[in-house]
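Me: I should like to learn how to read the features of a protein model in order, from overall form to single side chains. Could we work through one example together?

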Amino acid sequence: VEAVHLIADGKAPRIPQPKEGATYEGIQKKENAEISWDLPAAALHNWIRGHDKVPGAWTTINGQMVTFYGSSLLDASVPAGQELTIKGASRPGLVTKNGLVVFGNDGKMVLVRNLQFEDGKMIPASKYFSADETTALELTEQEKKIAEDIR
């Protein structure tokens, strides 16, 4: 009540807020969103989720910055998948049919659903090893004729 009366009377103390630390913009920088692998699974999940969508929590895989999106805690047995070495992680991740499984320092798991590469390309994490596969389009003779007519 006393504080309300001081404010109403214009006698409340005024302490100017310092400019340093007065904004949250500093944590919105990409370089501040790198994943630290020395954390339990719940903290990894919160880090990834907390940086989803901007700026995006990232790590280095095969020398390339890869940003993780769409994490969830995974409380099951370790799924079958193809191992993926992640820089700084004590244990390789697993590319499974549901996404990328990464491990906290407590041995528990986090499932990441989407990955984005430095060039901006985003893929489902489950497609990591098939992302570079491309198939050549082969036209039949009739389709080649149609393509030539269109050209």
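Me: What radius of gyration does the chain have, and what would a compact globule of 151 residues have?

Reply: A word on provenance comes before the values. This is a predicted model, in which local features need pLDDT of at least 70 and side-chain atom pairs count only at pLDDT 80 or more, whereas totals for chains, interfaces and linings use all residues. Residues are numbered from 1 along each chain as its sequence is written, and side-chain values use heavy atoms, with hydrogens and water left out. The radius of gyration is taken over C-alpha atoms, and the globule rule is 2.2 Å times the number of residues to the power 0.38. Here the chain has 24 Å, while a compact globule of 151 residues would have a value near 15 Å. Along the principal axes, the C-alpha atoms fill a box of roughly 90 × 50 × 30 Å.

Me: What percentage of the 151 residues is buried?

Reply: Burial is judged by relative accessible area: under 20% is buried, over 50% is exposed, and in between is partly exposed (1.4 Å probe, protein chains only). In this chain, buried residues make up 28% of the 151 residues.

Me: How many helices and strands does the chain have?

Reply: Helices (H or I, at least four residues) and strands (E, at least two) are DSSP runs, numbered from the N terminus. The chain has 3 helices and 7 strands, and its pattern along the sequence is α-α-β-β-β-β-β-β-β-α.

Me: In which sense do strand 2 and strand 6 pair?

Reply: Two strands pair if DSSP finds at least two bridges between them. Strand 2 (residues 64-74) and strand 6 (residues 109-117) are antiparallel, with 8 bridges; Tyr69 has Asn114 in strand 6 as its bridge partner. Strand 6 also pairs with strand 5 (residues 99-103), antiparallel over 4 bridges, and there Phe103 is matched with Met109. A further 3 bridges join strand 6 to strand 7 (residues 122-124), again antiparallel, with Ile123 of strand 7 as the partner of Leu115.

Me: Which residues in the hairpin turns have a positive phi?

Reply: Between strand 5 and strand 6, a hairpin with 5 residues between the strands, Gly107 has a positive phi of about 85 degrees. Between strand 6 and strand 7, where 4 residues intervene, Gly120 has a positive phi of about 95 degrees.

Me: Is Thr59 buried or exposed?

Reply: Thr59 lies in strand 1 (residues 57-61). Thr59 counts as buried because its relative accessibility is 1%. With contact meaning heavy atoms within 4.5 Å, Thr59 touches several residues more than four places away in sequence, including Ile35, Met65, Phe68 and Ile86. A polar contact is a pair of N or O atoms within 3.5 Å; within protein, one must be able to donate a hydrogen and the other to accept it, and residues adjacent in sequence count only if both atoms are side-chain atoms. One such contact, of 3.0 Å, joins the side chains of Thr59 and Trp37.

Me: How many aromatic pairs does the structure hold?

Reply: Rings of Phe, Tyr and Trp (its six-membered ring) pair if their centres lie within 6.5 Å; planes under 30 degrees apart are stacked, over 60 edge-to-face, and the rest tilted. The structure holds 3 aromatic pairs. In one of them, Tyr128 and Phe129 are edge-to-face, at 5.1 Å centre to centre and 90 degrees between the planes. Tyr128 is buried at 11% relative accessible area, whereas Phe129 is partly exposed at 33%. Ring pairs link both residues with Phe117 into a cluster.
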